[in-house]
Every structure is written in C-alpha cells, then in structure tokens.
Amino acid sequence: MMPSFTDASLASHAVVGLLMVAILAAWHDWFQWRIPNRLLAAGCAAALMLAAFAPGSAGIVHSLAGGLLGFALIWPFYWMGGMSAGDVKLMATLGLFAGPATVINIALISFFIGGVWSVILLFNQTTTGALLRARMKSMRWRSEEHTSELQSRLHL
C-alpha cells in the first residue's frame, strides 16, 4: 500500500531538503570555495521526487518553474563574472524545492547577506578600516587607563 502524502507533509519534507542542501552547500563553499555537483544533483533529484508525489499534476510544473526562475535570477551575475556556476546551480536547486514565489525571497535574502558580507570584507581590507580598528583599540586602552587613574585618585 502506497503512503498518502498531504500538501503539508510534502511542504515540510521540501523545507527539510532545502535546508539540508543549503547548509551543506554553504559549508562546502566556506571551506573549499566550491559547491559539489553531486550535492546539487542529489538535491535536484530529491526535489523532483517530492514534486512528483504532490497531489495533482501541478507539483512538477511548480517545481520546474521555481528551478528555472532560480537559475534566471542568478545567471546575469554569473555572466558578468560576479558569481560562480555553483551559485547558479544552487539557486536553481533551491528553486526546485521552494517554487517560483519563494525562490525570489531566497534570492533577495541571499543578495542582502552577500552585500553585507562584501562590505565587511572590504572594510577589513581597506586602509580606512585599519585606521578605524586602530582608533577603537586606542580608545579602549585609554578608557582602561582612565579608569585605573580614577580608581587610584578615589583610593579604591
């Protein structure tokens, strides 16, 4: 007897699959600067299998639309040299899990996080960032010096 899937159980499985793929891809990208194709292929297969079990025929169409939209959202950045092919394939895979409406939100959140991360990296690598860090350290040192001076004056 084949188990029956509801929309809610399929959605929860899709969220778990999406999170697993995203976390594993982030881990690989952080430590190895690449996202393995076998991870993305397994994610695509899992997303399409979940979509195949969706009630009615809209599951596969919804999943494929999300994958194509995820691909289309990142492709221009890859074409201009701002992202790698792994990023494009990852967003397409996440789109297969999430569908077209949610993959737009995922892409916007990814763009925001990437922008903040870029600003942090630029700040850490510029002269202005080094000067501000040095100034903050000296302020902390002076604060400790000032505190000890006050304590000695107050005989604490």
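Which residues does Thr93 touch, not counting residues up to four places away in sequence? Keep that question in mind as you go through the views below; the answer comes with the close-up of Thr93. One note before starting: this is a predicted model.

**Figure 1. The whole protein is built from six helices and zero strands.** Start here to get your bearings. Reading from the N terminus on, the elements run α-α-α-α-α-α. The protein has 156 residues, and buried residues make up 24% of them. Among the contacts with a separation of 6 or more, residues 24 or more positions apart account for 61%.

**Figure 2. Thr93 is a buried residue of helix α4.** Here is the answer to the opening question: leaving out residues up to four places away in sequence, Thr93 touches Val21, Leu40, Gly43 and Cys44. Thr93 has a relative accessible area of 0%, so it counts as buried. The helix that holds Thr93 is α4, which spans residues 85-98.

**Figure 3. The largest nonpolar core has 19 residues.** The members that touch the most other members are Leu18, Ile35, Leu90, Met91, Leu94, Phe97 and Ile106. Two or more residues of this core come from each of α1, α2 (37-52), α4 and α5. Helix α4 gives the largest share, seven residues. For a closer look, pick out Leu18: leaving aside its neighbours within four places in sequence, Leu18 is in contact with Leu94, Phe97, Ala98 and Ile106.

**Figure 4. The largest pocket has a volume of about 1100 Å³.** Its lining counts 29 residues, and the closest to the pocket centre are Asp29, Asp87, Ser110, Ile113 and Gly114. Helices α1, α4 and α5 each supply at least two residues of the lining. Which helix gives the most to this lining? That is α5, with 11 residues. In terms of chemistry, the lining residues divide into 19 nonpolar, eight polar and two charged.

**Figure 5. Asp29 is one of the residues closest to the centre of the largest pocket.** Asp29 lies in helix α1. With a relative accessible area of 29%, Asp29 is partly exposed. If you set aside its neighbours within four places in sequence, Asp29 is in contact with Arg34, Ile35 and Asp87. Asp29 and Asp87 are 58 residues apart along the chain, and their C-alpha atoms are separated by 9.4 Å. One of these contact partners, Ile35, may be familiar from the core view, where Ile35 is among the members that touch the most others.

**Figure 6. Trp30 and Trp117 form a tilted aromatic pair.** A search of the whole structure finds five aromatic pairs. In the pair shown here, the distance is 5.7 Å centre to centre, with 55° between the planes. The pair links distant parts of the chain, 87 residues apart: Trp30 is in helix α1 (residues 7-32) and Trp117 is in helix α5 (residues 100-125). Are the two partners buried or exposed? Trp30 is exposed, with a relative accessible area of 54%, and Trp117 is partly exposed, with a value of 41%.

**Figure 7. Phe71 and Trp75 form a stacked aromatic pair.** The ring centres of Phe71 and Trp75 are 5.5 Å apart and the planes meet at 20°, so the pair counts as stacked; the cut-off for that label is planes under 30 degrees apart. Both residues lie in helix α3 (residues 58-79), four residues apart, about one turn of the helix. Phe71 is partly exposed, with a relative accessible area of 36%, and Trp75 is also partly exposed, at 36%. Ring pairs link Phe71, Trp75 and Tyr78 into a cluster.

**Figure 8. Trp33 has a positive phi value in a residue other than glycine.** Phi of Trp33 is near 60°. Where does Trp33 sit along the chain? Trp33 is found in the loop between α1 and α2. With a relative accessible area of 74%, Trp33 is exposed.

Methods
Residues are numbered from 1 along each chain as its sequence is written. This is a predicted model: local features need pLDDT of at least 70, side-chain atom pairs count only at pLDDT 80 or more; totals for chains, interfaces and linings use all residues. Side-chain values use heavy atoms; hydrogens and water are left out. Rings of Phe, Tyr and Trp (its six-membered ring) pair if their centres lie within 6.5 Å; planes under 30 degrees apart count as stacked, over 60 as edge-to-face and the rest as tilted. Buried means under 20% relative accessible area, exposed over 50%, partly exposed in between (1.4 Å probe, protein chains only). On a 1 Å grid over the protein atoms alone, a cavity is a set of points where a 1.4 Å probe fits but cannot get out, and a pocket is an open set with protein on both sides within 12 Å along at least five of seven lines; lining residues have an atom within 4 Å of a point. Grid points are joined across faces, edges and corners, and a volume is the space filled by probe spheres set on the points. Ala, Val, Leu, Ile, Met, Phe, Trp, Tyr, Cys and Pro count as nonpolar, Asp, Glu, Lys and Arg as charged, and the others, Gly among them, as polar. A nonpolar core is a set of buried Ala, Val, Leu, Ile, Met, Phe, Trp, Tyr and Cys residues joined through side-chain atoms within 4.5 Å. Contact means heavy atoms within 4.5 Å.
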